[in-house]
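I opened this model to go through it element by element and to keep a record of what I looked up. The entries follow the order in which I checked things.

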Amino acid sequence: MNGGSRWRMTFAQACPALSFYQGFYYRRAIAGQLCAGRDAVIARSGGECPIDTIVKVAAARR
């Protein structure tokens, strides 16, 4: 993400196709915004994984 920030998504249900097929697409309802409870990640196989939560991950201390 911009500025090197990292985010973690969890899905509303199991989404094993994401780890089997190396790649995914995402569908967002509003250009430039990806939102939990509304948008989805789509595996290359075509399986859809609705996004349940998106949280910012704290940077590791050095």
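**Entry 1, a tryptophan to begin with.** In which strand is the place of Trp7? I found Trp7 in strand β1, and I note at once that I am reading a predicted model. I looked up the cover of Trp7 next, and because its relative accessibility is 43%, between the 20% and 50% limits, Trp7 counts as partly exposed. Across the pairing, Trp7 stands opposite Lys56 in β4. I also took a C-alpha distance for this residue: Trp7 and Val57 are 50 residues apart along the chain, yet their C-alpha atoms are separated by 5.3 Å.

**Entry 2, confidence.** Before going further I checked how far the prediction can be trusted, and the mean pLDDT of the chain is 81, with 89% of the residues reaching 70 or more. Among the elements, β4 has the highest mean pLDDT, at 91, whereas helix α1, residues 17–20, has the lowest, at 73. I keep in mind that predicted coordinates should not be read in detail where pLDDT is low.

**Entry 3, the inventory.** I listed the secondary structure of the chain as one helix and four strands, and from the N terminus on I read the elements as β-α-β-β-β. Of the 62 residues of the chain, 15% count as buried.

**Entry 4, the sheet.** In what order do the four strands of the open sheet lie? I read the order as β1-β4-β3-β2, with antiparallel pairing. The edge strands are β1, residues 6–11, and β2, residues 24–27, each of which pairs on one side only. On average, with direction ignored, neighbouring strands of this sheet are turned by 40° against each other. I add as background that the strands of a sheet pair through backbone hydrogen bonds.

**Entry 5, the partners of β4.** I followed strand β4, residues 48–57, to both of the strands listed for it here. With β1, the strand β4 pairs in the antiparallel sense over six bridges, and within that pairing Arg8 has Val55 in β4 as its bridge partner. With β3, the strand β4 also runs antiparallel, and three bridges join the two; here Val41 stands opposite Cys49 in β4. The hairpin of β3 and β4 has four residues between the strands, and in this hairpin Gly46 takes a positive phi near 105°.

**Entry 6, a residue of β3.** Is Ala43, in strand β3, buried or exposed? I found Ala43 at 1% relative accessibility, so it counts as buried, the limit being under 20%. The C-alpha atoms of Ala43 and Tyr26 are separated by 8.5 Å, although the two residues are 17 apart along the chain.

**Entry 7, the loop before β2.** I placed Gly23 in the loop between α1 and β2, and because its relative accessibility is 24%, Gly23 counts as partly exposed. From Gly23 I took the C-alpha distance to Ile42, which is 19 residues away along the chain, and the two atoms are separated by 9.0 Å.

**Entry 8, the loop between β2 and β3.** Two residues of this loop went into my notes, Leu34 and Gly37. Leu34 has a relative accessibility of 33% and so counts as partly exposed, while Gly37, at 72%, counts as exposed. Together with Phe24 and Tyr26, Leu34 forms a nonpolar patch on the surface, and the three have about 300 Å² of accessible area together. Gly37 and Ala12 are 25 residues apart in sequence, and I found them 8.6 Å apart in space, C-alpha to C-alpha.

**Entry 9, charged side chains.** How many salt bridges does the count come to? I arrived at one salt bridge, in which the side chains of Asp39 and Arg38 meet at 3.0 Å, N to O. I then looked up the cover of both: Asp39 is buried, with a relative accessible area of 3%, whereas Arg38, at 33% relative accessibility, counts as partly exposed.

Conventions: Residues numbered from 1 in each chain as written. Predicted model: local features only at pLDDT ≥ 70, side-chain atom pairs only at ≥ 80, totals over all residues. Heavy atoms only, no water. Pairing = 2+ DSSP bridges. Axes fitted to C-alpha atoms, helices over the stretch in contact; angles between N-to-C directions. Patch = residues over 30% accessible without salt bridge, like charges linked within 9 Å, V, L, I, M, F, W, Y side chains within 5 Å. Areas by Shrake-Rupley, 256 points an atom, 1.4 Å probe, with all protein chains shown as cover. Salt bridge = Lys/Arg side-chain N within 4 Å of Asp/Glu carboxyl O. Buried < 20%, exposed > 50% of the residue type's maximum accessible area, 1.4 Å probe, protein only. pLDDT = per-residue confidence, 0-100.
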